[in-house]
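Grab a pencil and have a look at the structure below. Then try the exercises, and check yourself against the worked solutions.

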Amino acid sequence: MILAALVLAILTLGPIGAVLVRAGGLGDLAPGDLQALRFTVFQATLSGLFSVALAIPVARALARQTFWGRGLLVSLMGAPFILPVIVAVMGLLAVFGRSGLVNGALDALGLPNVNIYGLHGVVLAHVFFNLPLAVRMLLQAWLAIPAERFRLASSLGLTPWGVFCTLEWPLLRRIAPGAFAVVFVICLTSFAVALTLGGGPRATTVELAIYQAMRFDFDLGRAAVLGLVQLTLGFVAGLVALKLAPAQGFGIGRGRWVARWDGRGLARVLDFFWIGLAAAFLLAPLALVVARGVPGLLEGAGEGTWRAAGHSLMVALASTTLAVLWALPLATRRGELLSIAAIAISPLVLGTGLFLLLRPFVNPFTMALPVTAVVNALMALPFMLRILRPEAEQVARDFGRLGATLRMTPWAWLRLVWLPRLRRPLGFAMGLTAALAMGDLGVIALFADPDRATLPLQIHRLMGAYRMEAAAGAALLLLMLSFGLFWLFDRGGRVHVED
Amino acid sequence: MTPYMKAFTFAAGCLMASTALAETPALTVYAPDYFVSEWGPGPKIEELFEAECNCDLQFKPGDLLPRILLEGAQTDADVVIGLNTDVTKKARESGLFGTHGVALDGLTLPLPWSDDTFLPFNYGHTAFIYDTTKIDTPPASFEALLEAPDDLRLVIQDPRSSISGLALVLWVQSVYGDQAQEAWAKLAPKIVTVTRGWSESYGMFTDGEADMVLSYTTSPAYHIIAEEDETKKAAIFPEGHYFMVELAAKLKGTDQPELADQFMEFILSEAFQGMIATGNWSIPAALPKDQWPDGFKKLNLPEKVLFYSEDEAAAVRAEAIEAWRAALSQ
């Protein structure tokens, strides 16, 4: 536990420290920086609120309704979260853009067009990315409520409102603040999405200011200050979220999936309305990414693209292994707080700091893939812990005494209690980590190697060389691979649980 | 063995493989990422240069100047290729670069060039690209663009994160001077959005999300040559177009001075200049027009070229970006 926490702290603070040392101290902020900070916090708050608020009815509907293809839908709905930013933006614009599907339909009906660009566009895009994550976090928790409790509620004749108050509200209080914090922190470091959908410099975020300071002005002091501000914000968000979320629980279940007796009639109609809405919102842009990519992929992806895909797969698997080993000892309240700050660290500051730290010892070019794997594991850690911790703690609470009474060895505890109970969240968390690591581009800029490109980098290179169609094809390949990995892990975690 | 270990072993293996080659002298060249991909000019340059130098040319892609500045005098780079004029001031002041010693009389740039540190190898100009199947008569001047109806949809790049975006604000600054902010205010309603880099903008244009995109006068050459598509054209403005040149420079502390010099000479050679047009989709810096590929001869090119020297650019840059930011933030 201490070792894992120490490594985490070193990897988070070390790079900023290295940048600070190199800069020779903190720099001054530029005039626009405060405005950028305000906008960043504002859009991240809105994005977090909307993502979680919309996720509640969707997760509830998915938790209590069964229908054909539900499992596939739940998996598919996770896909936006793992798309590379540039690809997702193109998909969103194909639906909501000026010449997108929505405006095409409005034109056909003779209605005025909608304009996606602005604060609402930024929030829309962030909800597109993060709604799936919020839904899945809530859904995990919903499914973790022992079904026996719902049965008990039914036999006690509780009204839906009663069920909500006794079972669901405590669950939301426990999970929602953490989900909000994670989405909030992810949106803190948003840059390209916020700028493109924000429609211009009004949507300047702190990360853009860091980029400018780092790449254009070479003002490391200012970059480090902004990086620290971002990190502090993330840390505070994590602290508040954890304070708001009380511990809970009464009465354990046997961990079976049991048909729910509520959610009939009007409630069922409403549930399907929410599921349909979320599915349309999340899947339409994905469908267009697929449609755009098919011609490019059919033409042949090219040797470089396949090699890049291989590198990405390798990085993804390495990141996942590392993240699991890292997450298991950290699945506590303090561990989560520590890790949540990790996603608030600017990828640019992190990359530059690692570059400065590693350079005296190794040739950074040869470290491209290992560094990417470690950084991706670091970035995925907060998600992993957010998903694992509530359930890990609950398992300990519910079965810890029994385990102690039986004098279970740690190994037996892990094998007989812990892993079987945590299988579902662990599978989901591993799937997410693998998929996220596939799509990452953040830190590789300083460590890039001509022969060891990852798939996102390859897409970037293709676009930079006017190969828009080939880039769309490579994006589809990335989507398929990310989703395939995600599905494999996620499915592996859900075996025996729902069937 | 975990996959992570495999990645590590793989990396270690590659490291050993590259040290095994160390008997032939190696020239390390830092280049932008797009340069070294299989569609960039990098692989061709490597092939041509290695044929004459009896050495191993190694491209290291990524952030150019930030990395050199981070590394300081300990940098492994012998040569840097792909710098832009807007960063040369910072590069020159670092004192890390030496003189190139290459004779400049072969240059065919549209303006005089006498820099003895930074050597141009190709150039282009900022321009708005449009699709002739969608726009019959593009704006005939910058003024006409400002006055165009607001349903003309433009997409541009952010001057704070992109070289071409920076060139655009310098372009507006050099045409409108003190009136730059008013000019931006007229452009603002037409600007669909601002993207972080050139790729996103160009992708939006080819997807039909915008009618015109800020790009280069040379962009249509890609469509003409690679796609046999002549419908993409640059709108030419009599006010002039901002000149964008890409440069190479030699590191003062190089441990391969002869090879580095040889490479700098090679940059202006016919072999290099002959392939750079279709390798980098830019106009060669030292090749008469009659030797350009046919697709390039068909390009709309401006009569008048606007350009700030690095000192001038450094002086007006903050003001030019602020005019853009203020007008577009309204």
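Before we start: the domain bounds used here come from an automatic or database domain assignment. Also keep in mind that this is a predicted model.

**Exercise 1.** Into which domains is chain B divided, and how far apart do their C-alpha centres lie?

*Solution.* Start with the split: domain 1 of chain B covers 24-122 + 244-297, while domain 2 covers 124-243 + 301-328. Next, go from centre to centre: the C-alpha centres of these two domains are 26 Å apart.

**Exercise 2.** Describe how domain 1 of chain B touches domain 2 of chain B.

*Solution.* First, count: 16 residues of domain 1 meet 20 residues of domain 2. Now look at domain 1's side, where helix H5 (85-93), strand E10 (241-251) and helix H13 (294-297) of chain B each give two or more residues. The largest share, four residues, is from H5(B). Finally, sort that side by class: eight nonpolar, six polar and two charged residues.

**Exercise 3.** How many residues does each chain bring to the contact between chains A and B?

*Solution.* Chain A brings 54 residues and chain B brings 49. On chain A's side, H14(A) gives the most, with seven residues. Sorted by class, that side has 35 nonpolar, 14 polar and five charged residues.

**Exercise 4.** Is A:Gly335 buried or exposed?

*Solution.* Find A:Gly335 in helix H15 (residues 333-344) of chain A. Count around it: 22 other C-beta atoms lie within 10 Å of A:Gly335. The cut-off for buried is 20 or more, so A:Gly335 is buried. Beyond its neighbours within four places in sequence, A:Gly335 contacts A:Ala5, A:Leu330 and A:Leu385.

Conventions:
Residues are numbered from 1 along each chain as its sequence is written. Chains are lettered from A and ligands numbered from 1 in the order in which they are written. This is a predicted model: local features need pLDDT of at least 70, side-chain atom pairs count only at pLDDT 80 or more; totals for chains, interfaces and linings use all residues. Two residues are in contact if their C-beta atoms, placed from the backbone, lie within 7 Å. Ala, Val, Leu, Ile, Met, Phe, Trp, Tyr, Cys and Pro count as nonpolar, Asp, Glu, Lys and Arg as charged, and the others, Gly among them, as polar. A residue is buried if 20 or more other C-beta atoms lie within 10 Å of its own, exposed if 12 or fewer, and partly exposed in between; C-beta atoms are placed from the backbone.
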